[in-house]
Amino acid sequence: GDEARVTVQLIEAETDAHLWARSYTRTFGNLFDLQDEIARGVSSALVATVVGLRATAEASRTDKPAAYEAYLQGKYWLHRRTREALHRAMEAFEGALALDSSYAPAYAGVAAASGLWVSYGYGGGLDHYAAYRKAIAAADKAIALDPELAEGYAARAFLLEKAWAPTQEVERDFEVALRLLPSSADVHGWYGHLLAREHRFDQAIEEGEKAIELDPVAPGRRLGFALDALAARRYDLAVHEAQRALELEPELLLPKAVQAVSYLLLGQPEECLQFDLGRHAAIRAMCLHSLGREDPAASLIDSLSTAASTPAYDQVFGEVIILGGIASYYAWRGDAGRTIDHLERAFAESPYVFQLRIVDSGLFDRVRNDPGFQSAINRIRGNVWLRVEQQRER
C-alpha cells in the first residue's frame, strides 16, 4: 500500500557478527523524515559499537550542501599540488566559508592550501609571510571551532614545522592529529618532515612509507617522501619517489629538481642534464660545474641572478626559488660567504625555501663545517620563527 519498511543491519565483515539492527516503517508521505531518522540511528549505532569512531562536532558539519560540495572540491585540488590546483583549492575552501562561516574543516583547508603554496615557492605577488599569518590563523580558527578536528591540528603542525617552531610545540599538534585521525596520509607524511628536520631519519622514512601505504596515488605524499629521503641521503629512494610523483602529476616541477639533485649526489651529474628545470636551473649549473664545464655554469648562474631581480620574469614562481638555488650552487662550490648571502635574501622573502630542507644532504658538505655557515643557519632559522610568531600575534 502506501507504507515503506526499511531494515538496517550493521555487520562486521571480518567475523560476520551482527552488531546492530533496526526496522523502520513509515508512510510514503514521511519518507524524508524516515531518511533523517535512519541516518541518525545508523550514525549513533556506529559511534556506540565501532571502536575508534566518534561523533562529528557541530562545527565540522554543515547544513548547506553547496558548502560541503565546495569543501570536497577544495580537497580534490589540494592533493594535486600544482600552482593552479592550490589556487583553485583556496578559492573552493573560501567559497565554503562564504556559505557557512562556522565550518571548521574549510578553515583547516585554507590553512593547508596557503601553507603548501608557500612551501612550493609559488609566486604571483602573494607575500609569503602574510600568507603564513593567514594560514596559521585559519588553523587556529578551525581548532577553536572544533577542538577534535584532526585536520586543524595537522595543518597547524605542518605550518609550524616549516617555520622552525620549537619541536615540542609542533610534536604536540602532530600527536593530537595522529590520535584523532591515524588513517590520514597527510598527517603521517607531514610528521615525517618534522622527524627529518630533527635528524630522526629512520623514523621519518617509516612515516613516509606509512603515508604512501595509506594513499599511494597522492603526488604530494610521494614528493614529500622524496625530499625526506634526500635529507636522509637515501638518494636512490629520492629518485624513485620523485619519479612516481611526476608520473602522478606531470605538471609538477619540483620532482624533476629532486631527481636532478639526487643524480648529482649519486655521482652521475650527466644524468641531471636531461631535466628541464625552469627556475630550479641552478641545479643544472652544479651539474655542469661537476663535469668541468665551468663557463656555461657561471653564465647560467649570472642569468639566474638577473632573473631573481625581475619578479615579472615568471608568474608561476617567486624569486625565492632562484635565490635558494643559487645559494645551493655556491654551497656545492664551497663558497660559504655567497651561500649565506643568498640564503638570507631568500628567507627574507619566505619562511620556507626548498633548498634549506636539504642542507643535511651532501649538497652542503663543502660548507657544512664553516663556522660562519653554521652560525648563519641558526640565525636564519631563529629569524624565520621570530617573524612568523610576530605575524601570528597580530
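Is the crossing of H5 and H6 left-handed or right-handed? In this predicted model, the two helices cross in a left-handed way, and the path to that description begins with their axes. Helix H5 covers residues 128-145 and helix H6 covers residues 150-162, and their axes come within 8 Å and cross at roughly 150°. Because angles over 145 degrees count as roughly antiparallel, H5 and H6 are roughly antiparallel to each other. On the H5 side the contact is made by Tyr132, Ala135, Ile136, Ala139, Asp140, Ala142 and Ile143, which meet residues of H6 including Tyr153, Phe158 and Leu159. Sorted by character, the residues of this contact of H5 with H6 divide into 10 nonpolar, one polar and three charged.

A second pair can be read in the same manner, since two packed helices are described by the angle between their axes and the distance between the axes. Helix H3, residues 83-99, packs with H4 at an angle of about 155°, and their axes lie 9 Å apart; H3 and H4 are therefore roughly antiparallel to each other. H3 passes H4 in a left-handed crossing, and the residues of their contact divide into 12 nonpolar, three polar and two charged. Among them are Leu86, Met90 and Phe93 in H3, and Tyr107, Val110 and Trp117 in H4.

H4 also leads to the interior of the model. The largest nonpolar core has 131 residues, and helix H4, residues 104-119, gives the most to this core, with 11 residues. Leu363 and Phe373 have the most contacts inside the core. Leaving aside residues up to four places away in sequence, Leu363 touches Val261, Leu264, Leu265, Met286, Ser328, Ala331, Trp332 and Ile358.

Conventions:
Residues are numbered from 1 along each chain as its sequence is written. This is a predicted model: local features need pLDDT of at least 70, side-chain atom pairs count only at pLDDT 80 or more; totals for chains, interfaces and linings use all residues. Side-chain values use heavy atoms; hydrogens and water are left out. A nonpolar core is a set of buried Ala, Val, Leu, Ile, Met, Phe, Trp, Tyr and Cys residues joined through side-chain atoms within 4.5 Å. Buried means under 20% relative accessible area, exposed over 50%, partly exposed in between (1.4 Å probe, protein chains only). Helices (H or I, at least four residues) and strands (E, at least two) are DSSP runs, numbered from the N terminus. Contact means heavy atoms within 4.5 Å. Axes are lines fitted to C-alpha atoms, for helices over the stretch in contact, and angles run from 0 to 180 degrees between N-to-C directions. Angles under 35 degrees count as roughly parallel, over 145 as roughly antiparallel, 65 to 115 as roughly perpendicular and the rest as oblique. A crossing is left-handed if the near helix is turned anticlockwise from the far one by less than a right angle, and right-handed if clockwise. Ala, Val, Leu, Ile, Met, Phe, Trp, Tyr, Cys and Pro count as nonpolar, Asp, Glu, Lys and Arg as charged, and the others, Gly among them, as polar.
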